[in-house]
Amino acid sequence: MREMMIQLRVEAEDRRWQERANCLGVDPDLFFPERGASTREAKAVCHGCEVQAECLEYALAHGEKFGIWGGMSERERRRIRRQRALARRGIVGA
Ligand code: SF4
């Protein structure tokens, strides 16, 4: 029971940054565009968001496969994951 309480608390703290998000109150559909649709509007909301870094790291840590997080598309996040994986293995600049 105690472990579960601690886990819930950690998860709540993990998401506290969301209270300062630029996208609060913005239509969530904007951040999950249809394949091939423009991501420009969503990225414009992310631009200047004070928790952009936290948002991106959350998405990377939780393996979010869809939508715009931290101002980046799925493809852009995949590139970061790949670069970090290569860096961890000591392969730089690949
Ligand atoms: S970076 Fe974008 S998606 Fe993430 S919290 Fe900020 S506005 Fe929302």
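**Exercise 1. Around Cys46**

Task: In this predicted model, determine which residues Cys46 touches, leaving out those up to four places away in sequence, and then place Cys46 with respect to the ligand and the largest nonpolar core.

Solution: Begin with the contacts: once residues up to four places away in sequence are set aside, Cys46 touches Asn22, Gln52, Ile68, Gly70 and Gly71. Turn next to the ligand, which is surrounded by 14 residues, and note that Cys46 is listed among the closest, together with Ala21, Cys23, Cys49 and Cys55. Finally, consult the largest nonpolar core, whose seven residues are Ala42, Cys46, Cys55, Ala59, Ile68, Trp69 and Met72; H2 and H3 each contribute at least two residues to this core. Cys46 and Cys55 thus appear in the core and also among the residues closest to the ligand.

**Exercise 2. The shell around the ligand**

Task: Establish which helices each supply at least two residues of the shell around the ligand, and how many of the shell residues are nonpolar, polar and charged.

Solution: The helices in question are H2, covering 40-46, and H3, covering 52-61. By residue type, the shell comprises 10 nonpolar and four polar residues, with no charged residue.

**Exercise 3. Ala53 and Ala59 in one helix**

Task: Decide for Ala53 whether the residue is buried or exposed, do the same for Ala59, and describe the surroundings of Ala59.

Solution: Ala53 is found in helix H3, and the place of Ala59 is in helix H3 as well. Count the C-beta neighbours: Ala53 has 12 others within 10 Å, and because a residue with 12 or fewer is classed as exposed, Ala53 is exposed. Ala59, by contrast, has 20 such neighbours inside 10 Å and therefore counts as buried, the threshold being 20 or more. As for its surroundings, Ala59 is in contact with Glu64, Trp69, Gly70 and Arg77 when neighbours within four places in sequence are left aside. Two C-alpha separations complete the picture: Ala53 and Trp69, 16 residues apart along the chain, are separated by 9.4 Å, while Ala59 and Met72, 13 residues apart in sequence, are 9.8 Å apart in space.

**Exercise 4. Trp17 in its loop**

Task: Locate Trp17 in the chain, and find which residues Trp17 touches beyond four places in sequence.

Solution: Trp17 lies in the loop between H1 and H2, and with 17 other C-beta atoms within 10 Å it is partly exposed. The residues it touches, not counting those up to four places away, are Val51, Glu54 and Cys55. With Cys55 the separation is 38 residues in sequence, yet 7.8 Å in space from C-alpha to C-alpha.

**Exercise 5. Helix H4**

Task: Check whether the span of H4 agrees or disagrees with its 15 residues at 1.5 Å a residue, and explain why H4 is said to lie largely in the open.

Solution: The 15 residues of H4, 74-88, should span 21 Å, and because the end C-alpha atoms are 21 Å apart, the two values agree. Of these 15 residues the number buried is one, so the helix lies largely in the open. Just after H4, Gly90 adopts a positive phi of about 85°.

**Exercise 6. The chain and its confidence**

Task: State how many helices and strands the chain has, and which element has the lowest mean pLDDT.

Solution: The chain has four helices and zero strands, and 12% of its 94 residues count as buried. Its mean pLDDT is 90, with 85% of residues reaching 70 or more. Among the elements, helix H1 (residues 2-14) has the lowest mean, 67, and H2 the highest, 98. Where pLDDT is low, the predicted coordinates should not be read in detail.

Definitions and conventions. Residues numbered from 1 in each chain as written. Predicted model: local features only at pLDDT ≥ 70, side-chain atom pairs only at ≥ 80, totals over all residues. Near = placed C-beta within 6 Å. Nonpolar A, V, L, I, M, F, W, Y, C, P; charged D, E, K, R; others polar. Core = buried A, V, L, I, M, F, W, Y, C linked by C-beta atoms within 7 Å. Contact = placed C-beta atoms within 7 Å. Expected span 1.5 Å × (residues − 1). pLDDT = per-residue confidence, 0-100.
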